[in-house]
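Thanks for passing this one along. Here are my notes, in numbered points, to read beside the structure.

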Amino acid sequence: MKTAEEHFEFICTTLTSKQGVERGNMMSSPGLKYNKKVFAFLHKGKMGFRLGPNFDPAKWGLKDQEPLSPFKTKPPLKGWLMIDQKDMEYWEPLANMVLTFTQTLK
């Protein structure tokens, strides 16, 4: 079984072959961006995704997710979820979905 880092690298290799997708950083962690907008990143064995406000984790059957909340005194970032490696099988399809979502943002 792949580690979180190995699986993230596989996703990066796959997605950076697409037009406009490149590696970037989010909170000093390795990530992926499209048009200078980060849409996914890896942090401490979890993958963060910019899923948008209408994403329903229950429809995907995600077992372990939480809002991205990097600040002690501010609320979580809207539309971002951290998905634990327990749900690693969803990382690649989510990354593809999030790329499509990010491509629609202005």
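1. Two conventions help before we look at how the helix and sheet meet: contact means heavy atoms within 4.5 Å, and angles are taken between N-to-C directions, from 0 to 180 degrees, with axes fitted to C-alpha atoms. Please keep in mind that this is a predicted model.

2. With that settled, α3 lies across β1, β2, β3, β4 and β6. Its direction makes an angle of about 25° with β4.

3. The sheet itself is open and has six strands, ordered β1-β2-β3-β4-β6-β5, with antiparallel pairing. At its edges stand β1 (21-26) and β5 (65-67); each has a single partner strand, so one side of each is left without a neighbour in the sheet. On average, neighbouring strands are turned by 25° against each other, direction ignored.

4. For a look inside the sheet, try β3 and β4, which pair in the antiparallel sense over four bridges. Here alanine 40 stands opposite phenylalanine 49 of β4.

5. Back to the helix: α3 covers residues 91-103, 13 residues in all. From first C-alpha to last it reaches 18 Å, close to the 18 Å expected at 1.5 Å a residue.

6. Which residues of α3 are buried? They are Trp91, Leu94, Ala95, Val98, Leu99 and Thr102. Viewed down the axis of α3, these buried residues fall within an arc of 140°, so they line one face of the helix.

7. Two of those names, Trp91 and Leu94, come up again in the largest nonpolar core, where they are listed with Leu15, Phe39 and Phe49 as the residues with the most contacts inside it. This core has 25 residues. At least two of its residues come from each of α1 (4-15), β2 (29-34), β3 (37-43), β4 (46-50), β6 (80-84) and α3. Apart from this core lies another, of six residues, including Val38, Leu68, Trp80 and Met82.

8. Leucine 94 deserves a click in your viewer. Not counting residues up to four places away in sequence, leucine 94 touches Phe49, Leu51, Phe55, Trp60, Leu62 and Ile83.

9. Is threonine 102 of helix α3 buried or exposed? Its relative accessible area is 1%, and buried means under 20%, so threonine 102 counts as buried. Leaving aside neighbours within four places in sequence, threonine 102 is in contact with Tyr34, Lys37 and Phe39.

Notes:
Residues are numbered from 1 along each chain as its sequence is written. This is a predicted model: local features need pLDDT of at least 70, side-chain atom pairs count only at pLDDT 80 or more; totals for chains, interfaces and linings use all residues. Side-chain values use heavy atoms; hydrogens and water are left out. The expected span of a helix is 1.5 Å times one less than its number of residues. Buried means under 20% relative accessible area, exposed over 50%, partly exposed in between (1.4 Å probe, protein chains only). The arc is that of the directions from the helix axis to the C-beta atoms. A nonpolar core is a set of buried Ala, Val, Leu, Ile, Met, Phe, Trp, Tyr and Cys residues joined through side-chain atoms within 4.5 Å. Two strands pair if DSSP finds at least two bridges between them.
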